[in-house]
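Reader: I have a few questions about the structure below. Please keep the answers short.

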Amino acid sequence: MSVLQASSPTTGPGSAQGLSPRTPHVPAQQHDQAEQAAESEGEEGSEGEYMLAEGGSDDEDDDYLVDGEEEEEEEEDSEVDDSLQHPVHRLMQMIGVSSSRQAQSFQRIPRGYVPPPLSPQNDLAVELSTHSSAAHPRHPMRLALPCKRQVADASVTNPAHQLLVREGSFDGRGGRLSAAQRAHFVGTHRLPSQTSGLGDRMRSRGYIGQFARDGDLFVAAFQNERRVKIYDVHQGWATLKNVHARGLRWTVTDTCLSSDQKFLLYASISATVHLVNVQRGHGEAEESVANVTDIHEPLHFAEGGDAVSYSTGIWSLRWSSDNSEIVAGAGDNSLYVYDVTQAKTVVRVEGHQDDVNAVAYADETCKVIFSGSDDCLVKVWDRRLMSGRRSKPAGVLVGHCEGITHIDAKGDGRYLISNGKDQTVKLWDLRGMRSHAEAQQLRRDRVPHFSWDYRWMEYPGRDRLVTHPHDASLMTYRGHSVLSTLIRAYWSPPANTGQRYIYTGSADGGVWVYDVLTGRVVTVLRYHREVVRDCSWHPYLPMLASVSFDGTVCCWEPEPPGEAEMDLEEQQAKQAKRAGAGAREPKGPGSCRARRSTMPIPAADQLNDEWP
């Protein structure tokens, strides 16, 4: 939504009451920063936002402020030359003041704030606890080990004890750990925690970074070099294919591999998506240049004038499980369904009131589609009922106060998460969605909404508990920052974590990992100096990769066992040498405590066999 069209419900620039003309003065440094932002081409915005970058719009007068505001700042900066006042910056300053004052009416987030956990009786809580516990709740806990006494229940979570049980085949599984036990030990003792190296370093912003379904390939997209690079993960991150993107506008907005990993789609801020053959035969060049060394087949999602309009830019796309259809979200408030066999768009639905930033299939059947938009709504669509522009959604999920940047489905057809510009990740249950008619009847004037632009402004409600009055989400996760770009959030893999965690990039350069059930921050991975837009957890290995605006592809792996103790021991030896003690002191019990403190603490349900 354009900041020229958005306004505060009570004190925004579009209010018709209590307005008086006033022109605030602007410091030169702030003016330069705003002018540079206004002259830039901009990223991830609607058509109205591009109008703002070109100098503003005539929709509203940008020389008005609300009556009663203090004039201290105006008096302090009164000596600044009027020639330094830029109309765009005056408008942004006006909007920022109004939104900041509105934000003060909300409760400040207390230090150490943790959201209420999911109820133990919730279906998702039972499922995730079962899939990430060291022992299955219904598995017999008191095992007959070759000793005189029974083993206590709590000791089942001890890795050494579980290895003894496995090697001795005392559990009746033939010397194998259950899937829940494997997920518990990997998710608790082998979480990615430190950098293991750089997959690549480019002189460009990294926008996309995703592992393939089997984890053998990794796809990353970069802005300035206009490249989409495909790496072989198990061959030292060697470049399998270097795709020179064709027809880009601003950057690569999304990529998607086919389920058989033979073809790659890449999109930009245009209505044309390009299809590239990923496989490289014997003697074929590593460089993929359109119409020179490779074929970049264009797939036209729109025709005529819409095909060249910025408003029809594709922000998100997904391939169906059988590779027959492609669903995409675009800047013209629409969802597109492209039939690969017919080579044309078969359905276009004008389903939102603003840019559609995210789309996803609910499960492998691909009969249900999720879409998230800058109109703050997540909509649920039945693919079988999508027939024309005026098709209605099967349901609407209400709860975000700002636009939605990304959606990721759990894969069971019931639960999903969404990342939003209100600086939250929300967990949804489809059984809590409202009908389209019910959602339209909700009063929107009571929904907290700030007039701001996330691309170059701070969120006015930062450090405040800004909540939607009709929020239907199960959980809300706070801590990370969603600014500058469409930052993405995902479920952790089912194979090695039981989908116990949610992880997301952040504008502060970190990768934030949350516990789904408790809402607590499990860890924050920090290496990057700039925004982390995308990140991906390996589907089977305890490895995570993140892509940042600093141009690096960073690999994260668990800390090697015993490394913390060795580091502490070496540090103690250096201190003793400097103090004149001479000999190296043996490792003390403190090192063990230090080692334990660096590991995630299992949640209560992962240790308790009495979970219902």
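**Around Q499**

Author: Apart from residues up to four places away in sequence, Q499 touches L128, K410, W491, S492, P493, P494 and V516. The model is a predicted one.

Reader: Is Q499 buried or exposed?

Author: Q499 sits in the loop between α9 (494-497) and β26 (501-505). Its relative accessible area is 10%. The cut-off for buried is under 20%. Q499 is therefore buried.

Reader: Which backbone oxygen lies 3.0 Å from a polar atom of the Q499 side chain?

Author: The contacts of Q499 include K410 and V516. The oxygen at 3.0 Å from the polar side-chain atom belongs to the backbone of K410.

Reader: What separates the C-alpha atoms of Q499 and A183?

Author: Along the chain, Q499 and A183 are 316 residues apart. In space, their C-alpha atoms are separated by 8.7 Å.

Reader: Where is S258, and is S258 buried or exposed?

Author: S258 lies in the loop between β8 (254-257) and β9 (263-267). Its relative accessibility is 3%. Buried means under 20%. So S258 counts as buried.

Reader: Which side chain joins that of S258 in a polar contact of 2.6 Å?

Author: Beyond its neighbours within four places in sequence, S258 is in contact with F263, W319 and N323. The polar contact of 2.6 Å runs between side chains, from S258 to D260.

Reader: How many bridges join β5 to β6?

Author: Strand β5 covers residues 217-222, and strand β6 covers residues 227-232. They run antiparallel. One bridge pair is V219 with I230 in β6. The number of bridges joining β5 to β6 is six.

Reader: Which residue in the turn between β5 and β6 has a positive phi?

Author: β5 and β6 form a hairpin. Four residues lie between the strands. The positive phi is about 55°, and the residue is R226.

Reader: And which turn residue has a positive phi between β6 and β7?

Author: β6 pairs with strand β7 (residues 238-244) in the antiparallel sense, over six bridges. R227 stands opposite H244 in β7. The two strands form a hairpin with five residues between them. The turn residue, with a positive phi of about 65°, is G236.

Reader: Which element gives the largest share of the largest nonpolar core?

Author: This core has 21 residues. V228, V252, L264 and Y266 have the most contacts inside it. The elements giving two or more residues are β4 (206-211), β5, β6 and β9. The largest share is three residues, and it comes from β5.

Reader: Which of the residues with the most contacts in that core does V228 touch?

Author: Neighbours within four places in sequence are left aside here. The contacts of V228 then include V219, A220 and A221, as well as K241, N242 and V243. From the core residues with the most contacts, V228 touches V252, L264 and Y266.

Reader: Which strands stand at the edges of the open sheet β17-β18-β19-β20?

Author: The four strands of this sheet pair in the antiparallel sense. An edge strand has a single partner, so one of its sides is left without a neighbour in the sheet. The edge strands are β17 (356-361) and β20 (395-397).

Reader: By what angle are neighbouring strands of this sheet turned against each other on average?

Author: β17 pairs with β18 (residues 368-373) over five bridges. Y361 stands opposite I369 in β18. With direction ignored, the average turn between neighbouring strands of the sheet is 25°.

How values were computed. Residues are numbered from 1 along each chain as its sequence is written. This is a predicted model: local features need pLDDT of at least 70, side-chain atom pairs count only at pLDDT 80 or more; totals for chains, interfaces and linings use all residues. Side-chain values use heavy atoms; hydrogens and water are left out. Buried means under 20% relative accessible area, exposed over 50%, partly exposed in between (1.4 Å probe, protein chains only). A polar contact is a pair of N or O atoms within 3.5 Å; within protein, one must be able to donate a hydrogen and the other to accept it, and residues adjacent in sequence count only if both atoms are side-chain atoms. Contact means heavy atoms within 4.5 Å. Two strands pair if DSSP finds at least two bridges between them. Axes are lines fitted to C-alpha atoms, for helices over the stretch in contact, and angles run from 0 to 180 degrees between N-to-C directions. A nonpolar core is a set of buried Ala, Val, Leu, Ile, Met, Phe, Trp, Tyr and Cys residues joined through side-chain atoms within 4.5 Å.
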